[in-house]
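Reader: I am new to reading structures like this one. Please pick the lining of a single open space, go through it closely, and then place it beside some other parts.

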Amino acid sequence: MARKTATMEAPLPGSAEHDRLPAGAEPFVGRRTELAALATAAARPVPGRGRLLVLAGRPGSGRTSLAVRYARSVAGDYPDGLLFARMSAPDGSLVPPGRAARRLLEQLAAVPEGLLPADPEAEDPACAALRGALSGRKLLVLLDDVREAGQLLPLLVDEPGCLVLATTSGPLTGIDAIDPVILGGLDQPSAVELLGSLIGGTRISCDPVGAADLAEACTARPAALRLVAGRLRADPRAAVTDVAAELAPAAPRQAPQAPKSRGATKPRGRGGAPDRRQARELLPVEPVPVPDTDPLVAAFELLYRALPAPSARMLRMLTLAPAQSADLRTASALVGCPAPEAGTLLERLAEQELLEREPAAADGTARYRVPGRLYPRLVELRTERDRPAEIELARARLLERLVRLVDSARLLLDRSAGENPDPLPGPLRLRTAAQAAGWLTGERDQLMVAVRDAIGQGDLDGSAGRLVTALLRALPLTGGTAPADLHQLHELVLRVAERQEAPRRAAAALLNLGDLQAAAGHWEQAEDRYRAALERARTAGDEPACARALEGTGGCHRALGDPVRAGDWYGRALALRQSLGDHRAEARLLARIAEAHTAQRRYDEADREYRAAVAALRRVGDDGGAAALSQALERLRRLVDGEGNHPVSE
């Protein structure tokens with residue numbers, strides 16, 4: 001049905017190059033008073049801190065759409081761009097400030113080399129890097145759905161040219177001198193106008209009293225209005241007055257009855273009702289509560305009861321999607337249906353305002369997101385309606401689908417790896433290297449969430465492990481892999497290895513973590529990882545891993561300026577490499593020991609080790625390496641001669 005848009009404010013254009021904001025819900029109506037309040041608050045200086053705006057509103061108040069609208073209306077004042085980061089997932093889990101800072105730095109193309117967390121108890125260095133990158137720029141940073149002041153404070157910059165706009169569902173205690181703009185419902189004319197634009201002006205003009213009653217029953221909240229509009233669009237025969245009567249007053253919901261054919265035992269509370277507390281235990285943190293008497297709940301229940309069974313099941317299963325974001329590739333895996341059917345279901349749910357539209361994937365595939373305001377209730381419905389075995393099977397199908405997608409992307413990016421022996425069906429397939437790189441980059445956060453969730457639950461370690469391996473092989477091929485993501489993946493490998501009491505795999509993960517910390521210049525943290533790897537490698541009897549851990553520890557002491565301890569660790573690694581017959585590693589370690597002797601002014605010993613290293617390389621036919629070490633030996637002898645010491649023994 002056509003939507004009336006003549007009285008709507010036209011969408012504001014954004015700068016395609018510098019605008020990373022979400023689209024925001026359309027059409028946008030009203031809110032002139034709130035937009036003016038934001039403009040006034042933005043002009044108010046705060047001594048000793050950069051400018052901060054806080055927009056607070058209950059779930060379903062339209063705070064994100066208003067924030068996007070305001071940001072785009074003032075985009076001309078921020079020529080360096082508009083940045084965006086979500087600070088919470090629909091399931092209520094919080095995004096740490098360091099992770100948000102990394103994503104913002106990536107939007108600025110200003111990620112420093114080797115940026116890794118150094119100390120779990122200290123501020124993530126990415127926050128300081130972001131504050132430095134914002135200095136001297138004119139940027140607007142929109143941080144959506146901030147739950148705690150601790151998420152926000154490390155991201156604030158004392159830069160008068162920047163503005164941070166944060167949306168939240170409640171007060172952010174701990175931040176001084178903020179006067180939040182509080183968002184309530186729309187004014188009644190705007191609420192009726194929104195209904196008319198969504199369901200068609202004719203139905204509203206034919207029943208203006210019913211439209212006003214419906215707006216009042218929704219307390220003029222945009223999300224509730226959109227849901228009832230979705231219900232009315234799905235049933236053109238439904239009268240506006242009848243829907244208003246069903247919503248007013250908003251009574252506590254009654255849970256739908258589970259089909260008797262399931263035969264599964266459902267959790268029950270008092271009086272035989274489904275135990276909602278058990279469903280709440282599935283949430284990572286307690287989400288922002290939406291009272292049962294809230295019209296948003298009543299509007300959702302009204303629309304959900306009218307959904308066909310396949311659409312209702314799709315909506316419930318999407319709560320299992322990583323970060324509750326999905327496209328037809330992941331949605332079809334969750335419900336076990338063909339991709340075209342999944343795409344149709346997703347589009348219908350979005351048309352009914354039950355899903356939010358996300359930016360499309362690199363190949364143009366539409367993406368959707370479960371609204372956070374609906375997520376807790378959908379988890380309860382999933383607990384009531386779907387058997388645990390069905391849920392586990394859906395999660396397993398999703399992980400295996402992600403493994404195949406990541407592997408197919410890797411093979412497109414690395415043609416030397418050969419053809420894909422197990423190509424995906426046509427609608428799921430990535431077809432070019434550009435699409436593969438874009439998909440991996442765009443879906444990276446969701447892929448990382450999928451791994452974290454799977455390993456956190458601990459029941460699908462095999463599939464989760466395959467996904468970690470696939471990501472470790474594919475992400476570096478995109479050219480923009482953040483070391484922090486690789487660090488997180490190796491941490492997850494370590495967690496599974498420890499849980500399964502697999503010391504060899506644990507040692508390998510610890511060695512990789514040590515290498516990443518060393519590359520970032522965090523030598524103390526790297527040494528801790530190498531020492532832990534040495535312990536696991538000894539338990540597993542893995543001598544090459546032991547040698548690598550010993551050498552890594554020696555390298556940390558070398559970088560910290562302790563040649564005595566560096567030489568000792570290198571010597572222990574050398575003994576192992578010699579026993580393994582690894583002549584190249586032997587030569588490398590001999591050269592490192594020679595450097596340690598030189599730093600201690602033990603020139604005879606250094607000369608001897610250099611000559612031994614040269615001989616080792618010549619044994620394996622590495623004439624270039626031998627020549628380079630011969631030059632190092634000559635420099636050593638010139639150093640000795642320059643200091644007036646006795647000649648080194650030949």
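**The second largest pocket and other parts**

Author: Sorted by class, the lining of the second largest pocket holds 21 nonpolar, 9 polar and 18 charged residues. The model is a predicted one. In total, 48 residues line this pocket, and the space in the pocket comes to about 1200 Å³.

Start at the centre of the pocket. The lining residues that lie nearest to it are Ala25, Thr64, Ser65, Glu356 and Arg373. Ala25 counts as nonpolar, Thr64 and Ser65 count as polar, and Glu356 and Arg373 count as charged.

Next, consider which elements build the lining. At least two residues each come from helix 2 (63-73), strand 3 (140-146), helix 9 (222-234), helix 15 (339-351) and strand 7 (356-358). By these ranges, Thr64 and Ser65 belong to helix 2, and Glu356 belongs to strand 7. Helix 9 gives the most to the lining, with 4 residues.

Now turn to the enclosed spaces. The whole structure has 3 cavities of 30 Å³ or more. The second largest cavity contains about 90 Å³ of space. Its lining consists of Pro322, Ser325, Ala326, Asp327, Arg329, Thr330, Leu402, Leu405, Trp439, Glu443, Gln446 and Leu447. Two or more of these come from each of strand 6 (325-327), helix 14 (328-335), helix 17 (388-413) and helix 19 (444-457). Strand 6 gives the most, with 3 residues; these are Ser325, Ala326 and Asp327. Leu402 and Leu405 belong to helix 17, while Gln446 and Leu447 belong to helix 19.

By class, the lining of this cavity has 6 nonpolar, 3 polar and 3 charged residues. The charged ones are Asp327, Arg329 and Glu443. The polar ones are Ser325, Thr330 and Gln446.

Finally, look at a strand. Strand 1 (residues 51-57) is mostly covered, with 6 of its 7 residues buried. Strand 1 pairs in the parallel sense with strand 4 (residues 163-168) over 6 bridges, and leucine 55 has threonine 167 as its bridge partner there. Strand 1 also pairs in the parallel sense with strand 5 (residues 181-183), over 3 bridges. On that side, glycine 57 stands opposite leucine 183.

Notes
Residues numbered from 1 in each chain as written. Predicted model: local features only at pLDDT ≥ 70, side-chain atom pairs only at ≥ 80, totals over all residues. Heavy atoms only, no water. 1 Å grid on protein atoms, 1.4 Å probe; cavity = no way out; pocket = protein on both sides within 12 Å on 5 of 7 lines; lining within 4 Å. Points joined across faces, edges and corners; volume = space filled by probe spheres on them. Buried < 20%, exposed > 50% of the residue type's maximum accessible area, 1.4 Å probe, protein only. Pairing = 2+ DSSP bridges.
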